[in-house]
Amino acid sequence: MKSLVIYYSLTGNTRFISEIISRISGSDILELKLKKDDSRLKGFKKYFWGGMQVYMKKKPELMLFDKNPQDYDLIFIGTPVWAWRHTPAIETFFSNINLNNKKIALFCCHGGGKGKTLEKMKYRLGGNEIIGEIDFKEPLRYGKDTGSERVKAWVGEIVKKVNAQTLKVR
Ligand SMILES: Cc1cc2nc3c(=O)[nH]c(=O)nc-3n(C[C@H](O)[C@H](O)[C@H](O)COP(=O)(O)O)c2cc1C
């Protein structure tokens, strides 16, 4: 079973979690990067710019992918929470790539109010099997170790589920 972690991250929290998932599950990793450089957005500017992107339902253009998500059976998808939902970069991904019949595990990073982020992602991913979900409150700020331990346990559960299903099919 081939697995991939797809994520977007502006300030590093979702990247931190994504890299752990990739390492412990042996998954490939695909970071969604905007064509328009967003790396210098700091402080209030990033809230203003990001908030506008969400409210104006922007779908920013993404850099070309070096992995094809269609080649994978299990896909972890991670996003920061912006205005109680997934980021515009992830929305662009959902609009450009039609995933079907995949096993999907969802995760998000937030500052304490994830709202309906995971529900909205699930809605966009109809036709796939959602095999797990988890959220993290700013792991870089509130505890890298606790974050890592929770990721490990979560990935362990997902791998177990997938293995049990694969055995049944055989
Ligand atoms: C534009 C913008 C909107 C945000 N909206 C929310 C929100 O609605 N709820 C929340 O808990 N955190 C919100 N945050 C905080 C981020 O979700 C949080 O810092 C997250 O860990 C960032 O992930 P990253 O470091 O991978 O970019 C927002 C941040 C930005 C920049």
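Me: A residue is near a molecule if one of its heavy atoms lies within 4 Å of it. With that in mind, which residues come nearest to the ligand?

Reply: In this model, which is predicted, there are 21 residues around the ligand, and those that come nearest are Ser9, Thr11, Thr14, Val81 and Glu138.

Me: Which helices and strands each supply at least two residues of the shell around the ligand, and which one gives the largest share?

Reply: Helix H1, which spans 13-25, helix H2, which spans 43-55, and strand S4, which spans 103-110, each contribute at least two residues to that shell. The largest share comes from H2, with four residues.

Me: What makes the pair formed by Asn13 and the ligand a polar contact?

Reply: A polar contact is a pair of N or O atoms within 3.5 Å. A polar backbone atom of Asn13 is 2.8 Å from an oxygen atom of the ligand, so the pair meets that limit. The same reasoning holds for Val81, because one of its backbone N or O atoms lies 2.7 Å from a ligand oxygen, and for Gly113, because a polar backbone atom of that residue is 2.7 Å from an oxygen atom of the ligand. Of the 650 Å² of accessible area that the ligand has on its own, the protein covers 90%, and the space that the ligand takes is the largest pocket.

Me: Why is His110, a residue of strand S4, called buried?

Reply: The word applies to a relative accessible area under 20%, and His110 has a value of 8%, so it is called buried.

Me: How do you know that the side chains of His110 and Asp135 make a polar contact?

Reply: Their distance is 2.6 Å, and the cut-off for such a pair of N or O atoms is 3.5 Å, so the pair qualifies. Not counting residues up to four places away in sequence, His110 touches Val81, Asp135, Phe136, Lys137 and Glu138; Val81 and Glu138 are also among the residues that come nearest to the ligand.

Me: Why is Ile90, which has its place in helix H3, called buried?

Reply: Helix H3 covers residues 88-96, and within it Ile90 has a relative accessible area of 0%, which is under the 20% limit, so the residue is called buried. Leaving aside residues up to four places away in sequence, Ile90 touches Tyr8, Leu32, Ile77, Gly78, Thr79 and Met121.

Me: How far apart are Ile90 and Leu62 in sequence and in space?

Reply: Ile90 and Leu62 are 28 residues apart in sequence, while their C-alpha atoms are 9.6 Å apart in space.

Conventions: Residues are numbered from 1 along each chain as its sequence is written. This is a predicted model: local features need pLDDT of at least 70, side-chain atom pairs count only at pLDDT 80 or more; totals for chains, interfaces and linings use all residues. Side-chain values use heavy atoms; hydrogens and water are left out. Buried means under 20% relative accessible area, exposed over 50%, partly exposed in between (1.4 Å probe, protein chains only). Contact means heavy atoms within 4.5 Å. A polar contact is a pair of N or O atoms within 3.5 Å; within protein, one must be able to donate a hydrogen and the other to accept it, and residues adjacent in sequence count only if both atoms are side-chain atoms. Accessible areas come from the Shrake-Rupley method with a 1.4 Å probe; for residues, only the protein chains shown count as cover. On a 1 Å grid over the protein atoms alone, a cavity is a set of points where a 1.4 Å probe fits but cannot get out, and a pocket is an open set with protein on both sides within 12 Å along at least five of seven lines; lining residues have an atom within 4 Å of a point. A molecule sits in a cavity or pocket if more than half of its atoms lie within 2 Å of its grid points.
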